[in-house]
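Visitor: I would like a close look at one part of this structure. Please take the open sheet, with whatever packs or links around it, and then set it against the rest of the chain.

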Amino acid sequence: MNDSILVIGENARYRRKLLGLLCNVANVSIYSLENCDMIEHHLTTHNESAILLQLGPGVFSELIRINDVNPHIPVALYGENVTYEQTRAGFRHGVTDVLDIRTITLDEICKTIEHMLDPYTAGANDRLLPQTSRFEIIISRGLHFQQQLSGGMPPAYYMNGNRAVLLRANVRCRDAGAVCEHSVLLAWINEFGITNTFCFPRQYGQIRLGAIVEQDFINPSSFRHTLAERLDNFFRNMEHEDCVAAAAYINSDFLSEGVFNHLNELVSCVFYLEKSQLLKDEIRSRSYVPATELTALFSAMAVHDPAAAEAQLDAITDALCRDMPEVGFARAKLIELIWNCAVIIGRRSNMAVGQNDISIDSIAGFRDLFRSIVIRSMEEERQEEPASPLSAMIGRIDENPGRHVTIDQIAGELNFSRSHFCRLFRKETGMSFNEYLTKARISKACDLFMHTHMSTADVANLVGISNTYYFKQTFKKAMGVELDQWREENCK
């Protein structure tokens with residue numbers, strides 16, 4: 001069954017141009033009306049799929065009449081010399097698109113019709129739609145958008161970078177206990193329309209928004225000015241709501257998941273911004289933690305030295321603060337750093353929070369979380385009283401199997417002869433010292449592979465086997481399967 005498109009307008013020349021273009025659109029039937037005098041009767045007797053309505057003095061009253069009969073039918077407006085105010089007013093009333101009849105092409109009308117017939121625009125066409133329904137629509141569209149991207153199949157409408165840009169923004173309420181989501185969504189819809197907007201699932205307490213913004217290549221400077229003006233309006237609204245926001249946009253001929261993730265990384269920096277701003281693309285080249293301090297921090301983790309770790313933590317936070325207000329890192333990377341260190345010291349299972357539950361609101365928040373999760377775990381470990389010197393030594397192996405130790409070294413620390421130590425160790429564990437050490441190292445490696453994104457070489461070094469080839473051979477012998485196969489089956 002074909003979709004049916006209704007064209008309404010008093011200007012016969014405009015209608016003829018649209019009808020001529022629509023004749024070339026496959027699988028659609030076309031109807032035409034001069035005005036909305038009989039619109040109620042027409043919509044009750046015809047099953048229209050979408051409407052193209054001419055701009056005019058009473059156009060928004062006509063939209064209300066259409067909505068009263070069928071609140072789910074998508075509507076696009078068209079006219080000559082369309083102004084920014086008309087476009088914005090149309091989007092605020094929930095129209096799908098606003099077209100300039102002078103420059104419209106077959107490709108543009110095809111894309112507009114395709115977008116209007118998108119099932120995720122259903123019910124999204126008028127300000128009279130209840131607010132809760134409007135919010136549900138853009139949340140549903142956000143989920144659909146991400147699913148298509150992750151499946152490698154973005155909708156065609158979103159792939160055409162020649163007529164639209166993808167805009168992303170994250171918003172954080174300064175008062176963590178405040179409920180501001182509906183106010184934020186309403187401000188976003190008011191600036192960018194309802195049928196062009198998305199709300200993605202929350203992440204780290206931030207409201208994550210998106211929009212498709214129509215480009216004007218005839219006057220690109222005017223387009224940039226208009227976009228900046230709309231963002232400024234949104235930022236002012238966020239300040240009024242005691243929120244801070246970061247926004248970024250991209251123009252791409254093909255919208256891939258990588259392009260989308262790049263925008264996500266940019267706007268995730270909102271967590272430490274003091275003032276809302278539009279983020280520039282060049283910030284992605286900046287590092288988030290100095291390499292020297294990071295190496296020293298991991299070294300302190302490896303030997304379980306809380307004082308040294310805290311000193312390096314202070315050096316890292318000082319370096320991050322020096323980068324302000326330039327954007328040099330992202331929240332997700334700092335959370336991953338905390339999580340990796342917690343896994344390295346072996347206290348992940350005792351942590352009160354998981355990686356997805358960690359929240360950071362500032363540099364100070366990053367330091368406080370790191371200290372409470374990682375440093376405190378290391379200090380508590382030192383306070384634990386072992387049952388015996390031998391069990392204490394076995395516990396140290398379990399916690400840090402990457403530490404370089406030998407039988408003679410440990411036997412000397414315990415004031416045992418080598419042979420007496422070996423007998424006691426086998427009696428305690430049921431295996432030789434080297435067998436136990438290898439088992440502990442491979443167990444730790446498995447834990448790191450499953451809970452971090454570290455490379456094979458990094459994991460091998462952390463568990464005390466610097467030769468990657470030897471590590472893979474040892475892993476295969478211990479686990480009965482190749483390392484690559486094990487990771488594919490266990491590290492989803």
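Guide: What follows starts at the sheet and works outward.

One caution comes before the details. This is a predicted model.

The sheet is open and has five strands. Their order is 2-1-3-4-5, and the pairing is parallel. Two strands form the edges: strand 2, residues 28–33, and strand 5, residues 98–100. Each of these edge strands pairs on one side only. From one strand to the next, the twist averages 20°.

Take the pairing of strand 1 with strand 2. Strand 1 covers residues 3–8. Six bridges join strand 1 to strand 2, in the parallel sense. To place the register, use Ser 4: its bridge partner in strand 2 is Ser 29.

Now the helices that lie across these strands. Helix 1 spans residues 12–22. Helix 1 lies across strand 1, strand 2, strand 3 (50–54) and strand 4 (75–79). Its direction makes an angle of about 170° with strand 2. Helix 3, residues 59–69, lies across strand 3 and strand 4. Helix 3 runs at about 160° to strand 3.

Helix 3 also has a link to helix 2. The side chains of Glu 40 and Arg 65 form a salt bridge, at 2.9 Å from N to O. Glu 40 belongs to helix 2 (residues 39–45) and Arg 65 to helix 3, so the salt bridge ties together parts that are 25 residues apart in sequence. Are the two ends buried or exposed? Neither class fits. Glu 40 is partly exposed, because its relative accessibility is 30%. Arg 65 is partly exposed too, at 28% relative accessibility. As for the chemistry, side chains of opposite charge can pair when their charged atoms come close.

Next, follow the chain out of strand 4. The loop between strand 4 and helix 4 (84–92) holds Asn 81. Asn 81 is not a glycine, yet its phi is positive, at about 55°. That deserves a check, as most residues other than glycine have a negative phi. Asn 81 is partly exposed, with 47% relative accessible area.

Helix 4 comes after that loop. Which of its residues are buried? In helix 4, Thr 87, Gly 90 and Phe 91 are buried. Viewed down the axis of helix 4, the buried residues fall within an arc of 95°, so they line one face of the helix. The spacing rule behind such a face is simple. An α-helix has 3.6 residues a turn, so residues three or four places apart point the same way. Just after helix 4 comes Gly 94, with a positive phi of about 90°.

Beyond the sheet, another loop residue repeats a theme. Asp 242 sits in the loop between helix 9 (220–240) and strand 9 (243–250). Its phi is near 60°, a positive value in a residue other than glycine. The side chain of Asp 242 also meets that of Arg 174 in a salt bridge, at 3.5 Å from N to O. Arg 174 lies in the loop between strand 6 (164–173) and helix 8 (181–192), and Asp 242 in the loop between helix 9 and strand 9, so this salt bridge ties together parts that are 68 residues apart in sequence. Arg 174 counts as partly exposed, at 32% relative accessibility. Asp 242 is partly exposed as well, at 37%.

How many salt bridges does the whole structure hold? The search finds nine. One of them joins Glu 482 and Lys 476, at 3.1 Å from N to O. Glu 482 is partly exposed, with a relative accessible area of 40%. For Lys 476, also partly exposed, the value is 38%. Elsewhere, salt bridges link Glu 310, Asp 314, Arg 367 and Arg 371 in a network.

Finally, set the sheet in the chain as a whole. The protein chain has 21 helices and 10 strands. Of its 492 residues, 48% are buried. Consider the contacts with a separation of 6 or more: residues 24 or more positions apart account for 70% of them. The accessible surface comes to about 23,600 Å². Carbon and sulfur atoms hold 49% of that surface.

Terms used:
Residues are numbered from 1 along each chain as its sequence is written. This is a predicted model: local features need pLDDT of at least 70, side-chain atom pairs count only at pLDDT 80 or more; totals for chains, interfaces and linings use all residues. Side-chain values use heavy atoms; hydrogens and water are left out. Two strands pair if DSSP finds at least two bridges between them. Helices (H or I, at least four residues) and strands (E, at least two) are DSSP runs, numbered from the N terminus. Axes are lines fitted to C-alpha atoms, for helices over the stretch in contact, and angles run from 0 to 180 degrees between N-to-C directions. Contact means heavy atoms within 4.5 Å. Buried means under 20% relative accessible area, exposed over 50%, partly exposed in between (1.4 Å probe, protein chains only). Accessible areas come from the Shrake-Rupley method with a 1.4 Å probe; for residues, only the protein chains shown count as cover. The arc is that of the directions from the helix axis to the C-beta atoms. A salt bridge is a side-chain nitrogen of Lys or Arg within 4 Å of a carboxyl oxygen of Asp or Glu.
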